[in-house]
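Here is a brief report on one chain and the two ligands beside it. The text moves from an aromatic cluster to the overall build, the ligand sites, the disulfide and some backbone details.

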Amino acid sequence: MSDQKAAPRPPIESGCPDGFQYMHPSMRKNYGQWKFHEHPRPGVLRHVAHSGDEIWTVRVGTQRILDSYSLRKLTSIGDEFADGYLRFTLRSNVEYMVTKEAQVAPLIKACEDAGFIVGGTANSVAMISHTQGWLHCDIPGTDASGVVKSMMDELIDDFKECNMPNRVHLTTSCCQINCGGQGDIAINVQHTKPPKINHDLVANVCERPTVVARCPVAAIRPAQVNGKPSLEVDEKKCICCGACFPPCPPMQINDPIHSQLAIWVGGNHSNARGKPTFQKLVAAGIPNNPPRWPEATAIVKQILKAYREGAKDWERINDWIERIGWPQFFEVTGLPFTKYHIDNWKGARASLNASTHIRF
Ligand code: SF4
Ligand code: SF4
């Protein structure tokens, strides 16, 4: 006992390790010293440093949630063809870096022979960035990975070829309140019914003040049901956001029919380098229809087709829509324009998270 007091267990340090130790040596050496970069072909970038060193980057699309078999394949390609290094991008792409042009073609061949797709750079449709989904999160209303897989199967040519006016970032989100809803085109869950409360469980599982505080429109109140402490929802006020479900799972809101998908355009990925613009709802009430989600994919393809045909070079989706106008966007995409698409809420400009810029 006295020994334990003398040498207490040290805290376990966790968190993000120093990334430099994992970098390709040439990247480490030339960190912050790059002169220029170019884009010799889809899926390949060439960076040249002031020292004269070069790095050729080959980008390969993968699913976000990787099985160990694919990981082993990817790392063995890296060992054999790419100096033993690889990195993962935010959009679940793998990037290999090599220092000589002669290494690029064999590396691409090895990736393609193993079934991976090279692309996703410059003015292509990049890999859809998607949220954790069922594997890591406790509140999804759909399987983001499944939506992404089905969509990217149909957009594979737009990933491989640079045939868009500018880059296109797509995102999916598997609940209505959290990560993933900011792409040029965002596919987000939309709940359409208030939560159903399992009163028998509330008293055992939920901290009621936390749940009451969580509701953005103050629709939840403490209540006694069958003599037990529980909660009640004012359904007239409820905006079906789902924010009460994470702290109180007995307030079930996910539903195979009434948790649907909605598609938004112009999120803050579009205007990261310009002034804040908008993020607007294009289509709502799209069936959450596994395993291939054909209705949502069809709408995304309609938007991309009209954008490819109508936008000027370098216009992102938000620039194109701003130039042609919101009603015209519906004309050229063939999607229905309804009264709900007219944003007449005065406060929206200041409060909607439509930009990556800091606001006060
Ligand atoms: S979008 Fe929502 S459900 Fe999906 S991983 Fe993020 S927090 Fe979880
Ligand atoms: S779904 Fe959202 S608005 Fe409705 S009760 Fe829950 S937190 Fe409140």
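## Aromatic rings

Phenylalanine 329 is buried, with a relative accessibility of 0%. The model is a predicted one. Phenylalanine 329 forms an aromatic pair with tryptophan 320. The arrangement is edge-to-face: the centres are 5.6 Å apart, and the planes make an angle of 70°. Tryptophan 320 is buried too, with a relative accessible area of 1%. Both values fall under the 20% that marks a buried residue.

The two rings belong to a cluster. Ring pairs also bring in Tyr307, Trp326, Phe330 and Phe337. Across the whole structure, the search finds 7 aromatic pairs.

One of these pairs joins phenylalanine 20 to tyrosine 31. It is edge-to-face as well, at 4.7 Å centre to centre and 65° between the planes. The partners are 11 residues apart, and the pair links distant parts of the chain. Phenylalanine 20 sits in the loop between α1 (2-6) and α2 (25-29). Tyrosine 31 sits in the loop between α2 and β1 (34-41). Is each partner buried or exposed? Phenylalanine 20 is partly exposed, at 31% relative accessible area. Tyrosine 31 is exposed, because its relative accessible area is 51% and the cut-off for exposed is over 50%.

## Overall build

The chain has 360 residues, and 44% of them count as buried. Its secondary structure comes to 12 helices and 14 strands. The C-alpha trace spans about 80 × 75 × 40 Å along its principal axes.

One pair of residues gives a sense of distance within the chain. Phenylalanine 116 and serine 14 are 102 residues apart along the chain, and 33 Å separates their C-alpha atoms. Phenylalanine 116 lies in the loop between α4 (104-113) and β6 (117-118). This phenylalanine 116 counts as buried, with 10% relative accessibility.

## Two ligand sites

Where does ligand 2 sit? Ligand 2 occupies the largest cavity. It is surrounded by 14 residues. The closest are Cys215, Cys238, Cys241, Gly242 and Cys244. By class, the shell holds 13 nonpolar residues, 1 polar residue and no charged ones. Cysteine 215, one of the closest, is buried at 15% relative accessible area.

Ligand 1 has its own set of neighbours. Among them are the cysteines Cys137, Cys174, Cys175 and Cys179. Thr131, Gln132, Gly133, Ile139, Pro140, Ser173 and Asn178 also belong to the shell. This shell divides into 6 nonpolar and 5 polar residues, with no charged ones. Cysteine 137 is partly exposed, with a relative accessible area of 33%.

## The disulfide

How many disulfides does a search of the whole structure find? The search finds 1. It joins cysteine 206 to cysteine 248, with 2.2 Å from S to S. The partners are 42 residues apart, and the pair links distant parts of the chain. Cysteine 206 lies in the loop between α7 (199-205) and α8 (208-214). Cysteine 248 lies in the loop between β11 (228-233) and β12 (251-252). The link is right-handed, with 75° about the S-S bond. Both cysteine 206 and cysteine 248 are buried.

## Backbone details

Two residues other than glycine have a positive phi, as the table shows.

| Residue | Phi | Loop | Relative accessibility |
|---|---|---|---|
| Alanine 122 | about 50° | between β6 and α5 (144-154) | 26%, partly exposed |
| Tryptophan 293 | near 45° | between β14 and α9 | 4%, buried |

Why does tryptophan 293 count as buried? Its relative accessibility is 4%, and buried means under 20%. Alanine 122, at 26%, counts as partly exposed, because that class lies between the 20% and 50% limits.

The loop that holds tryptophan 293, between β14 and α9, has another backbone feature. Proline 291 lies in the loop between β14 (280-286) and α9 (294-310). The peptide bond from proline 290 to proline 291 is cis. Its omega is near 5°.

Terms used: Residues numbered from 1 in each chain as written. Chains lettered and ligands numbered in written order. Predicted model: local features only at pLDDT ≥ 70, side-chain atom pairs only at ≥ 80, totals over all residues. Heavy atoms only, no water. Near = heavy atom within 4 Å. 1 Å grid on protein atoms, 1.4 Å probe; cavity = no way out; pocket = protein on both sides within 12 Å on 5 of 7 lines; lining within 4 Å. Sits in = over half its atoms within 2 Å of the grid points. Nonpolar A, V, L, I, M, F, W, Y, C, P; charged D, E, K, R; others polar. Disulfide = S-S within 2.5 Å. Helix = DSSP H or I, 4+ residues; strand = E, 2+ residues; numbered from the N terminus. Buried < 20%, exposed > 50% of the residue type's maximum accessible area, 1.4 Å probe, protein only. Phe/Tyr/Trp six-rings, centres within 6.5 Å; stacked < 30°, edge-to-face > 60°.
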